[in-house]
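Trainee: I have a sequence and a structure open side by side, and I would like to learn how to read them. Could we go through the features one at a time?

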Amino acid sequence: LEVQAPWAALMLWGYKTVETRLYPLPPELVGREVFLVESAEGQAGVSGVGDSVPAGASGLRVVGTVVFSESIAYEDRAAWEADEYRHRVSKTSPYGWKEGRQIHGWVVQTVRPLAEAVPVPEMRRLFRSFFSLDLPHRGADFETLQTRLGAKPPTMGGGSIPTINLTPFLTGAPEEQQRIVDAIATQCQYIGFLRVTWDGFPVEVVAAAQDAARRLFECDEPTKQRWSKSGIQKQTSSYTSTGYRGSGSTENNKNRESWSCTVPRHVPRAETDEGDYFASSAGQQHFALQPDPQVPWPDESLVPGFQKAICDYYDEVDKLGRVLLRIFARVLKCEEEAVLAMADRHVSPVNLFSFTMGRGGEVLPAHADVSVFTILAHDTSAGAAGSAALEMLTPEGTWEPVRSEPGCFTINLGQIMQRWSNGRMRATVHRVLPPLEGPPGAKRQSITFFQLLNYDASVSVLPECLALGATPKYEPRSVAEWQKERLSGFYLPPDQRDVNKCWYNYNA
């Protein structure tokens, strides 16, 4: 199946889960694995590929396989527009709905990306965008991501995510510490998700933060809007944390509300100082300058104890972050102190999220976090919707729920770790859907800490992760440069923003 860029990649990443065409999927191809051939982006509705294609043709490459479970026909414009979060075709796209023509959707069941895209073999057109590929071994010699990763690591209970107790690393002998390092390395080379706990896990601190978040989100909307960056009178051009955002206010706040802050215990400097990491022009992109606040805190009289609860929680996950950085330094054969030094003045945010059971069609599209790793705690109290909304894309090409457990943090690797390791550690794609479990009206609430680095640190491939003579897969970048490349498209005016390309660039 020929698919233009960037749609082939977006399908393989799980971002696009329905392929749309003006004709139904041939019945004999339902449930059958089909190779995806990516062609260059071109004019809508016009194929730039001839009926007969020589091997190695420029602008074409095999990028993976897809299996479609069914072919559906959209009954009307309303049905088409309601399914946009799956097919990703905007209302203004030339591929969009037009009266008098039928649009069909092919529902993706599984995907299998190749470990590396390969040149096309000789191809002959069979029907519309389907080609016969001259593959003597039916592509068996193509290396998929799954075959490169090898066998799935064993986990308790048959799921893909283990729970690892870090106590032996924290207090044990060197051989016990190495056992934990090896277990995490094995897991994260296959799937970048795991759960961690340890003796003395801060149950009360986590519960207090979840309770504080719950009380904040229960306040009325006008009151919560006061606790946002836009709700305060800024006096300088320096940074202030975002604070509250209502549902639908941004691309990543579909059908959910949030409150976020960065380095909440930071005390703003009095004036600009180019020799000061925090008060320099670069530092003011991440840290406030007086009289502006670092964080737009809720009123203590309305949400008593909120600031203390969130700062205490931040302290705990910050400590865990340093432990994980030490562990991954050993995984990557790096000096622990060198890795810790890249995050000794980090700009990591903590985000509180809340949404209600049964509302909306999508909460957060498929993506891999722009972090070193992410530390996640779900509200597991009575009546909460828990973690049922979070799913990860496995190497087998299917979506699997990510279950939380009381007394644990869920960890997922981000793109910085993948870059550091030259692709050895996996930033696993995941998504958030409306909760599937729990009573109507139940809240799904989570607290998410995105472990970042110092703003002037490097997200380039670490020298220790390059075999002799190997080529880095990623260009050298500082944190600030790289984040700007990944995120700048989301901040364009709506009439200039191509949301699908924004997410493509975010995950590229």
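Mentor: Let us begin with a single strand, and keep in mind throughout that this model is predicted. Strand β20 is mostly covered, since 8 of its 9 residues are buried, where buried means under 20% relative accessible area.

Trainee: Which strands pair with β20, and in what sense do they run?

Mentor: To read a pairing, one looks for the bridges between two strands and then at their directions. Strand β13, residues 349-356, pairs with β20, residues 443-451, in the antiparallel sense over 7 bridges. Within this pairing, Phe355 stands opposite Arg444 of β20, and Ser354 stands opposite Gln445 of β20. Strand β15 is also joined to β20, by 6 bridges, and these two strands run antiparallel as well; here the bridge partner of Thr374 is Phe450 in β20.

Trainee: What is the order of the strands in the sheet that holds β20?

Mentor: An order is read by stepping from each strand to the one it pairs with. In this case 8 strands form an open sheet in the order β9-β10-β18-β15-β20-β13-β12-β11, and the pairing is mixed. At the edges are β9 (163-165) and β11 (243-245), each of which pairs on one side only. From one strand to the next, the twist averages 25°.

Trainee: Which helices lie on that sheet, and at what angles?

Mentor: For a helix on a sheet, one asks which strands it touches and how its direction compares with theirs. Helix α7, residues 203-217, lies across β11, β12, β13, β15, β18 and β20, and runs at about 120° to β20. Helix α9, residues 306-331, packs on the sheet too, touching β10, β12, β13, β15, β18 and β20, while its direction makes about 135° with that of β15.

Trainee: How many strands are in the sheet that contains β14, and how are they paired?

Mentor: The same reading applies: follow the partners, then find the edges. That sheet is open and has 4 strands, in the order β14-β19-β16-β17, with antiparallel pairing. Its edge strands are β14 and β17 (399-401), and each of them pairs on one side only. The twist there averages 20° from one strand to the next. Inside this sheet, β16 (residues 390-393) and β19 (residues 430-432) run antiparallel and are joined by 3 bridges, with Val432 in β19 as the bridge partner of Leu390.

Trainee: Which residues of helix α13 are buried, and why do they line one face of the helix?

Mentor: A helix is best read by looking down its axis and noting where the buried residues point. In α13, residues 499-507, the buried residues are Asn500, Cys502, Trp503, Tyr506 and Asn507. Seen down the axis of α13, these buried residues fall within an arc of 160°, so they line one face of the helix. They pack against α1 (7-12), β14 (364-367), α11 (415-420) and α12 (479-487). At the start of α13, moreover, a side-chain oxygen of Asp498 comes to within 3.2 Å of the backbone nitrogen of Asn500.

Trainee: Where are the cis peptide bonds that I should look at?

Mentor: For these, one reads the omega angle of the backbone. The bond from Ala5 to Pro6 is cis, with omega near 0°, and Pro6 is found in the loop between β1 and α1. A cis peptide bond also joins Gln290 and Pro291, where omega is about 10°; Pro291 lies in the loop between β12 and α9.

Trainee: What is the phi of Arg88, and is this residue buried or exposed?

Mentor: Here two values are read together, the backbone angle and the accessibility. Arg88 has a positive phi of about 70° although it is not a glycine, and it lies in the loop between α3 and β6. Arg88 counts as buried because its relative accessibility is 6%. Arg128, in the loop between β7 and β8, also has a positive phi, near 50°, but at 47% relative accessibility Arg128 counts as partly exposed.

Trainee: How does the radius of gyration of the whole protein agree with that of a compact globule?

Mentor: One sets the value beside what the chain length would suggest. With 508 residues, a compact globule would have a radius of gyration near 23 Å, and the protein has 24 Å, which agrees. Buried residues make up 54% of the 508 residues.

Terms used
Residues numbered from 1 in each chain as written. Predicted model: local features only at pLDDT ≥ 70, side-chain atom pairs only at ≥ 80, totals over all residues. Heavy atoms only, no water. Pairing = 2+ DSSP bridges. Axes fitted to C-alpha atoms, helices over the stretch in contact; angles between N-to-C directions. Contact = heavy atoms within 4.5 Å. Buried < 20%, exposed > 50% of the residue type's maximum accessible area, 1.4 Å probe, protein only. Arc of directions from axis to C-beta. Polar contact = N/O pair within 3.5 Å; in protein donor to acceptor, adjacent residues only side chain to side chain. Rg over C-alpha atoms; globule rule 2.2 N^0.38 Å.
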